[in-house]
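Reader: I should be grateful for a close look at a single helix in this model. Please describe its surroundings and the residues of interest within it.

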Amino acid sequence: MIADINKLEFDKIKDLLRNYAVTDLGKTLVKKLSPKTNKSTIDKELSEVETAKIMIIRFDSTPLTGVLDINSVIRKAVIESVLTVEELMKIVSHQEAIQRTNQYIKKIKALEIEITSLEEYYQRLENLSDLKSKIDQVIDKKGEVYDNASPSLASIRKKIKTIEDRIDTKMASLLKSEANKLSDSIITIRNNRLVLPVKAEFKNSFKGVIHDQSASKETVFIEPLSCSNLNNQLQSLLLDEESEIEKILRKLTASVNKKTDELKSNLDIFTYLDIVFAKAIYAVEFNFTRPKLTDKIKLINAKHPLIDPEEVVGNNIIFGNYHHIIITGPNTGGKTVALKTLGLLAIMAQSGFLIPVNDNSEIVVFENIFADIGDEQSIEQSLSTFSSHIGNIIRILDNVSDNSLVLLDEIGSGTDPKEGASLAISIMEYIRKLKIYSMVTTHYPELKTYAYNLVNTVNASVEFDLDSLQPTYKLKIGVPGSSNAISIARRLGLNDEVCKHAENVSLSFDTDVTKLINKLENQSKNLEAEINEYENKNDVLEKKSRELEELKQKQKQEQNQLLKKLKLENTEKQKQALEEVNSLIEELDELKSQAEFKEHKLAKIKHKSKNVIDDETKYEKTSDHKITIGDRVKVLPYQRNGIVNKKLKANEYEVQMGVLTITAKEDDLEYLGKGKTEKPKIKSQPLKTITPKVELDLHGKRYVEAMEELDKFVDDCLLSNLEFAYIVHGIGTQALKKGVEKFAKENPQIKNYRSGGEHEGGKGVTIIYFK
């Protein structure tokens with residue numbers, strides 16, 4: 001593929017991208033990025049970057065700290081050249097990066113983030129924890145080899161320590177006995193030997209070997225003769241230590257040698273992910289999006305990525321059914337920027353970059369991208385000549401192929417206007433015969449007329465504000481540009497008589513075609529205004545839609561926060577209740593141990609126990625609507641719907657809930673709407689008004705009283721056609737429990753019974769089932 005990446009400043013994009021890469025290898029490979037032509041490959045890369053962008057927005061970037069360039073380490077291991085401690089620590093650093101990556105992916109999956117396009121890379125990372133463990137057993141975090149790395153090393157270092165201690169003892173003794181001969185009371189090292197600083201005048205009387213002298217020659221560094229033999233032994237042991245360490249490192253190198261393929265694969269994956277996430281971070285920072293790869297050029301709100309985001313103007317570069325766009329208009333109006341924007345965004349997309357466009361933008365995968373851009377209007381502000389333009393155009397026409405993009409700035413400029421216009425039309429005529437896309441800029445009015453006569457070519461212009469005499473940089477496709485020279489001159493203060501004469505002369509030059517073009521320009525402007533009005537209304541609707549969605553998300557977040565708060569509060573309440581229950585149990589145990597059993601004390605404890613479990617959720621009404629007979633309502637304590645049958649007292653109503661008829665207070669009824677006027681028909685005899693509970697609490701009741709209430713309760717349940725009911729009797733002496741079970745056995749209307757389950761009250765509750 002031929003792509004004029006220098007003229008379109010793609011290298012500057014890569015320089016920016018290097019700042020977002022984490023690894024040294026990633027920063028190096030960024031420089032080698034280039035556009036591709038395989039559509040499926042490009043689409044795969046765009047999908048990967050888009051996925052990485054979502055991962056960053058919703059959680060964080062993939063961890064790459066500790067991923068070092070270990071290519072040289074791998075090459076050494078392959079040829080079994082002994083690896084240094086530092087090189088082995090790089091291997092450890094890589095495995096630690098894999099461990100961090102695995103934790104990262106667990107969190108990503110816990111957040112239910114879709115990572116299909118990148119998952120294969122994470123799955124291919126080889127876990128080398130065994131290799132890391134072997135290295136960790138030998139080398140500590142500071143890069144020192146452990147004494148116990150081998151039995152031989154431990155023995156050698158023990159001997160070294162003994163020799164060093166003996167030398168230190170002798171040296172310390174000499175420091176005292178020969179203090180008058182020493183220039184300083186210190187032990188130092190010269191030529192890897194322990195020496196003493198001796199005054200020069202005593203060098204002949206001090207027994208030992210001279211290893212060095214000071215710059216002033218007033219001090220000589222002498223190894224005492226009494227320590228010489230010990231120093232020799234020490235040097236020998238140090239060589240043994242070095243040899244043993246090399247054996248240990250060679251063994252570790254052999255372990256690394258077996259895993260070089262895995263190490264290389266891991267390094268390549270980390271480097272690739274670094275580039276993918278660098279592109280994604282770049283996209284997040286500047287709000288880039290993924291374009292669709294189609295057979296159309298439809299870039300919505302496209303912006304040049306190298307212009308300050310606060311100043312750049314977005315343009316809709318939409319070719320529609322056309323293949324060629326001719327942009328006309330005044331200098332410094334933004335024609336060249338529009339040209340470069342199209343070319344640079346095409347190169348970026350084909351290099352796997354998200355680009356600064358709105359959603360639903362589309363772009364073609366080009367075989368080649370050619371550019372001849374006149375630098376006098378370029379971002380770089382340098383100069384070009386007619387000959388260089390023609391040289392570039394010759395190169396382009398010699399190499400152009402189907403499905404190429406050709407960008408020509410100021411086509412035919414730099415020579416006689418008449419000949420330049422003729423040349424420009426001829427070049428366009430040649431280009432139009434090819435199956436390519438092109439965008440060209442020009443000052444020649446002849447090209448406006450030329451474009452109007454063609455099916456696959458359209459005029460365009462960059463907008464100019466006559467009031468402020470400033471370009472707006474807005475690209476208008478379908479509207480040819482005007483120089484506006486006379487209007488600008490008048491606004492700048494040129495004599496009005498001169499301006500009027502110029503307008504008259506200009507009118508005399510106008511042909512029928514020119515007049516037609518002017519008419520079409522006015523119609524196009526009117527249509528543009530209508531389109532802008534529609535887009536503004538659409539923007540308002542989209543804004544409201546976003547606000548509603550944000551409000552919905554905010555409400556969900558608030559709901560989640562409330563649920564979390566409620567859970568914490570309930571946990572605390574349960575903790576307090578458990579403490580109170582334990583306290584009650586202690587009181588009961590104490591009561592049982594007393595000789596005299598006080599009934600009033602038992603009643604007091606029962607009352608406390610009721611307060612502990614009396615923590616029912618209370619639902620508040622959300623409407624103050626007045627309740628009337630026939631209304632459909634929700635009975636808040638039971639969260640069930642019903643119909644109001646009649647009013648009983650000032651604030652009480654009879655409500656039909658299915659087959660149950662209950663009495664409820666108005667504060668417990670939520671208005672739902674008007675119900676049917678007729679009451680539901682009930683086959684059996686009219687039901688008695690009963691309380692809505694399906695449980696009977698016999699706590700604190702005497703045996704006889706409890707059995708009477710149980711009998712009445714069972715009758716009410718049968719009248720209400722209930723299938724089961726809860727009898728709460730507690731544990732205590734089990735007198736009430738046995739009484740309830742006896743009643744259930746003897747009652748012909750009770751099918752069976754059982755004790756409560758773990759979450760139903762346990763043995764303190766009996767559940768009865770009716771026939």
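Author: The following account concerns helix α9 and its contacts. The model is predicted, and helix α9 spans residues 225-257.

Two residues of the helix merit individual description. C227 is found in α9, and because its relative accessibility is 0%, under the 20% cut-off, C227 counts as buried. Leaving aside residues up to four places away in sequence, C227 touches I167, K170 and M171. R166 is separated from C227 by 61 residues in sequence, yet the C-alpha atoms of R166 and C227 are 8.8 Å apart in space.

E244 also lies in helix α9. This residue is buried, yet E244 has no salt bridge. The nearest side chain of opposite charge belongs to K247, at 4.2 Å; since a salt bridge requires a side-chain nitrogen of Lys or Arg within 4 Å of a carboxyl oxygen, this separation does not qualify. With residues up to four places away in sequence again excluded, E244 touches S150, S152, L153 and I156.

There remains the packing of α9 against another helix. Two packed helices are described by the angle between their axes and the distance between the axes. The partner here is helix α5, residues 85-110. The axes of α5 and α9 come within 11 Å and cross at roughly 35 degrees, and the crossing is left-handed. On the α5 side the contact involves V85, L88 and I91, which meet L249, L252 and V256 of α9. The residues of this contact comprise six nonpolar, no polar and no charged.

Terms used:
Residues numbered from 1 in each chain as written. Predicted model: local features only at pLDDT ≥ 70, side-chain atom pairs only at ≥ 80, totals over all residues. Heavy atoms only, no water. Helix = DSSP H or I, 4+ residues; strand = E, 2+ residues; numbered from the N terminus. Buried < 20%, exposed > 50% of the residue type's maximum accessible area, 1.4 Å probe, protein only. Lys, Arg positive; Asp, Glu negative; His and termini not counted. Contact = heavy atoms within 4.5 Å. Axes fitted to C-alpha atoms, helices over the stretch in contact; angles between N-to-C directions. Left-handed = near helix turned anticlockwise from the far one by under 90°. Nonpolar A, V, L, I, M, F, W, Y, C, P; charged D, E, K, R; others polar.
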